[in-house]
Structures are given as structure tokens and as C-alpha cells.
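Here are some short exercises to work through with a structure in front of you. Try each task yourself before you read its solution.

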Amino acid sequence: MVYYYGICKNAAYFCTARRAKIAQADTYNSIWAAAVRTAAARGQLSHALILTGPGDKQAAARYIAAAHLCRSPGQRPCLQCNACRKVLEGIHPDVTEVRDAERKELSVAAVRALRQDVYIRPNEGDRKVYLFTDCGQLSEQDQNVLLKIVEEGPAYAAFVFCADALHSLLPTI
């Protein structure tokens, strides 16, 4: 189960076993999926979200990214349009997974490069979505560098932070 913050006042839940099952998210937890869809339909999907707790946070983050980039005039995310399929397959050019598999922590140079990339306009979609799938890799210095981008970044940038526990992130994030 994944807890998220930023979409509505009450924490909601999302549970899925694998990314392949994300298309069936409605059957796993209709409350969470409905909250994301409602926020996306109203144009109120937050530009910065934190996902915490046990469970497949990466799949939940991709679901949120699909909601940001969906081209469907109806329900968003539709999980059927070209943008949604690319997000779920991990090949959308406007979705960046920020992670360093070779190191325990992200380098400050990588975070600074990301800071420059944020200001480049999206390629295909209306937004660029950055997925921080392991916030344990973010040092305090990295989070401070990200803070200004999250608070004052361009309107087309969105950030999804996946953390094992909320206290692993700075309160300012």
C-alpha cells in the first residue's frame, strides 16, 4: 500500500503488485485512482507529490505521470492513448526517472544537471515529469538544490518523490 500527499487532504491508498497491473488500478483501489482522475480532470493535479509506505511506488508514480501527460479528452489517465502507453512502458521522452543504480547517493552534479534540464521545454507532452523512485539516494545537499526547482520551477515541470518514509525527505520538500 502506498500513501501519497498532495492530491487531496486525506491520504489515499494504491496497491499493485507489478507495473503490468497498473492498467487494472481501478480494481485494486478505486478511491486512489478516482482521486488522481478527479484532480487531473479539474487541472488540479499537484506539480509535486510524495509517495510513501510499502508497495510499488514506482508503478504509482508512473500512473501519476500518465495522468499528467494523458491526451484523452475524457478520463485521465485513460491508459490507452499513445502518451499513456509510452509512460507505462517507460519510453516517454518527457518522463525522467532520476536514479543512480551504480551509487548509493545521487551526485550533486547529476542534480545540478537535472536543474538545467527542467528549464528545457517538453518534447511531446504539456509537462515534463521527474520521478524520484528512490529518495534514499537524495542527500540533504541534493534536496536543498532541488528545493528551489520544486518551489519556483517552470509551470510545465512536475515531480513525484517516492520515499520509504516521509521523514527521509526534508520538511521543506
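Just after helix 4, Gly90 takes a positive phi of about 80°. Helices (H or I, at least four residues) and strands (E, at least two) are DSSP runs, numbered from the N terminus. This is a predicted model, in which local features need pLDDT of at least 70 and side-chain atom pairs count only at pLDDT 80 or more, while totals for chains, interfaces and linings use all residues. Residues are numbered from 1 along each chain as its sequence is written, and side-chain values use heavy atoms, leaving out hydrogens and water.

**Exercise 1. Find which residues of helix 4 are buried, and what covers them.**

Step 1: recall the cut-offs: buried means under 20% relative accessible area, exposed over 50%, and partly exposed in between (1.4 Å probe, protein chains only).
Step 2: go through residues 82–89, where Ala83, Cys84, Lys86, Val87 and Leu88 turn out to be buried.
Step 3: look for their cover, which includes helix 3 (57–69) and strand 4 (95–97).

**Exercise 2. Decide how the buried residues of helix 5 are arranged around its axis.**

Step 1: list the buried residues of helix 5 (residues 108–118): Val111, Leu114 and Val118.
Step 2: look down the axis; these residues fall within an arc of 55° (taken from the directions from the helix axis to the C-beta atoms), so they line one face of the helix.
Step 3: remember that an α-helix has 3.6 residues a turn, so residues three or four places apart point the same way.
Step 4: turn to the other side of helix 5, where Ala109 and Gln116 are exposed.
Step 5: see what the buried residues pack against: strand 5, helix 6 (140–152) and strand 6 (157–163).

**Exercise 3. Count the disulfides, then check Cys81 and Cys135.**

Step 1: apply the rule, a pair of cysteine sulfur atoms within 2.5 Å; the count comes to 0.
Step 2: for Cys81, the nearest cysteine sulfur, in Cys84, is 3.6 Å away. Cys81 counts as buried, at 15% relative accessibility.
Step 3: for Cys135, the closest cysteine sulfur is in Cys162, 6.6 Å away and too far for a bond. Cys135 is buried too, at 1% relative accessibility.

**Exercise 4. Judge how confident the predictor is.**

Step 1: use pLDDT, the predictor's confidence in each residue, from 0 to 100. Its mean for the protein is 80, and 83% of the residues reach 70 or more.
Step 2: compare elements: strand 2 (residues 13–14) has the lowest mean, 32, and strand 5 (residues 128–132) the highest, 95.
Step 3: draw the lesson: where pLDDT is low, the predicted coordinates should not be read in detail.

Conventions
Contact means heavy atoms within 4.5 Å.
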